[in-house]
Amino acid sequence: AAAVSGSHGLTGDDNCGQCFELRFTDERHPNAPYDPWGGSHPKLVGKAMIVQVTNIGYDVNGEHSFDLQIPGAGQGAFSNGCTAQFPNYAVGDFDCDTLYGGCNDISGCDRLPLQLQEGCKWRYNWYHWLEDGARSNNPYVAFRRVQCPEQITAVTGSTPLDDASHPVINLADFRQAPGVATSAQPASGCVRIACR
C-alpha cells in the first residue's frame with residue numbers, strides 16, 4: 001500500500017486504487033533544506049515492487065517519492081487505524097512509540113501483532129532501512145502505472161475501472177533470488193482503501 005501527493009503528478013484521491021511499478025534508483029531528492037535527502041540504499045537500487053495507492057498522504061513530499069505503508073515504519077499523523085483493527089495492542093506497539101519513522105531496529109518488530117511482523121522485518125531485510133545513513137528513507141523511484149495484480153486486489157478488494165488499459169506485469173520478474181524469503185502477504189495489515 002502506498003500514499004501519494006501531488007508533487008509528481010499523482011494526487012492521491014484521483015489515483016486511489018491504481019497500481020504502480022516502483023523501481024528504486026540511486027538518485028536523491030533535491031529538496032531544500034535537506035539537500036540531498038532520501039535515495040536508496042545501494043542494495044535496494046535496481047529492485048522493483050508493485051504498490052496500490054490506498055490514500056492521499058498529505059504529508060508526502062518529493063517528486064519521485066511514494067509513502068510505503070510498512071508495519072513498524074511509523075503511523076504518522078493518523079495513528080488510530082491499527083488499533084481499530086488490532087484492539088489488544090497499544091498505539092505505540094505499531095511503531096515502537098515513534099509515529100514518524102517507527103522502529104529503529106528489527107527487534108522492534110516483535111511488538112507488532114504476529115500478522116504484521118513479517119512485513120516489519122521486510123523493511124530491514126529487503127528494503128535496508130536505516131543502513132548507510134538512512135538512505136532508504138523515502139527512496140527516489142522511477143514509476144509507471146500498471147495493471148493491479150490479483151495478489152494485491154484479492155487483499156484490497158479494489159480494481160480500477162480503467163485497469164485493463166495499462167500494461168500487465170510479469171510476476172516472474174519480481175521473484176526473489178534463491179534463499180531469500182518472499183511474502184505474498186500485504187505490506188501492512190493496518191491499511192484499508194481510504195481515499196475520498
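Visitor: What makes the link of C109 and C120 left-handed or right-handed?

Guide: The torsion about its S-S bond. In this predicted model that angle is -75°, and the link of C109 and C120 is left-handed. C109 sits in the loop between α1 (81–85) and α2 (114–125) while C120 sits in helix α2, so the pair ties together parts that are eleven residues apart in sequence.

Visitor: Why is the pair C109 and C120 called a disulfide?

Guide: The sulfur atoms of C109 and C120 are 2.1 Å apart. The cut-off for a disulfide is within 2.5 Å, so the pair qualifies. Both C109 and C120 are buried.

Visitor: How many disulfides does a search of the whole structure find?

Guide: Three. One of them is formed by C19 and C148, with 2.1 Å between the sulfur atoms. C19 belongs to strand β2 (residues 19–24) and C148 to the loop between β5 (141–146) and α3 (150–156), so this disulfide ties together parts that lie 129 residues apart in sequence.

Visitor: What is the hand of the disulfide of C19 and C148, and how do you know?

Guide: The torsion about the S-S bond of C19 and C148 is about 110°, so this disulfide is right-handed.

Visitor: Why do you count C148 as buried or exposed?

Guide: Buried means under 20% relative accessible area. C148 has 11% relative accessibility, so C148 counts as buried. Its partner C19 has 0% and therefore also counts as buried.

Visitor: And what makes C96 and C103 a disulfide?

Guide: The S to S distance is 2.1 Å for C96 and C103, and the limit is 2.5 Å. The torsion about their S-S bond is about 85°, so the disulfide is right-handed. C96 and C103 are both buried.

Visitor: What is notable about phi of C96?

Guide: Phi of C96 is near 55°, which is a positive value in a residue other than glycine. C96 lies in the loop between α1 and α2. L130 also has a positive phi, near 65°, and is likewise a residue other than glycine. L130 is found in the loop between α2 and β5.

Visitor: Is L130 buried, exposed or in between, and how do you know?

Guide: Partly exposed is the class between 20% and 50% relative accessible area. L130 has 35% relative accessibility, so L130 counts as partly exposed.

Visitor: What makes a set of residues a nonpolar core, and which residues touch the most other members in the largest one?

Guide: The members must be buried, be of the listed nonpolar kinds or Cys, and be joined through side-chain atoms within 4.5 Å. The largest such core has 26 residues, of which L22, F24, F66, L68 and Y127 touch the most other members. At least two residues of this core come from each of β2, β3 (48–55) and α2. Another core, of six residues, lies apart from it and includes C19, I50, V146 and C148. As a general point, nonpolar side chains tend to be buried together in soluble globular proteins.

Visitor: Why is F94 called buried or exposed?

Guide: The relative accessible area of F94 is 3%, so F94 falls in the buried class, whose limit is under 20%. F94 is placed in the loop between α1 and α2. Its C-alpha is 7.2 Å from that of C82, and F94 and C82 are twelve residues apart in sequence.

Visitor: Which residues form a nonpolar patch on the surface?

Guide: V91, L99 and Y100, with about 270 Å² of accessible area together. A patch member needs over 30% relative accessible area. L99 has 34% relative accessibility and therefore counts as partly exposed. L99 lies in the loop between α1 and α2.

Visitor: How do you know whether the span of α2 agrees with what its residues should give?

Guide: At 1.5 Å a residue, the twelve residues of α2 should span 16 Å, and the end C-alpha atoms are 17 Å apart, which agrees. The buried residues in α2 are L116, Q117, G119, C120, R123 and Y124.

Visitor: What is the pattern along the sequence?

Guide: The pattern is β-β-β-β-α-α-β-α, from three helices and five strands. The protein has 196 residues, and 45% of them count as buried.

Technical notes. Residues are numbered from 1 along each chain as its sequence is written. This is a predicted model: local features need pLDDT of at least 70, side-chain atom pairs count only at pLDDT 80 or more; totals for chains, interfaces and linings use all residues. Side-chain values use heavy atoms; hydrogens and water are left out. Helices (H or I, at least four residues) and strands (E, at least two) are DSSP runs, numbered from the N terminus. Buried means under 20% relative accessible area, exposed over 50%, partly exposed in between (1.4 Å probe, protein chains only). Patches are made of residues with over 30% relative accessible area and no salt bridge: like charges are joined within 9 Å, nonpolar side chains (Val, Leu, Ile, Met, Phe, Trp, Tyr) within 5 Å. Accessible areas come from the Shrake-Rupley method with a 1.4 Å probe; for residues, only the protein chains shown count as cover. A salt bridge is a side-chain nitrogen of Lys or Arg within 4 Å of a carboxyl oxygen of Asp or Glu. The expected span of a helix is 1.5 Å times one less than its number of residues.
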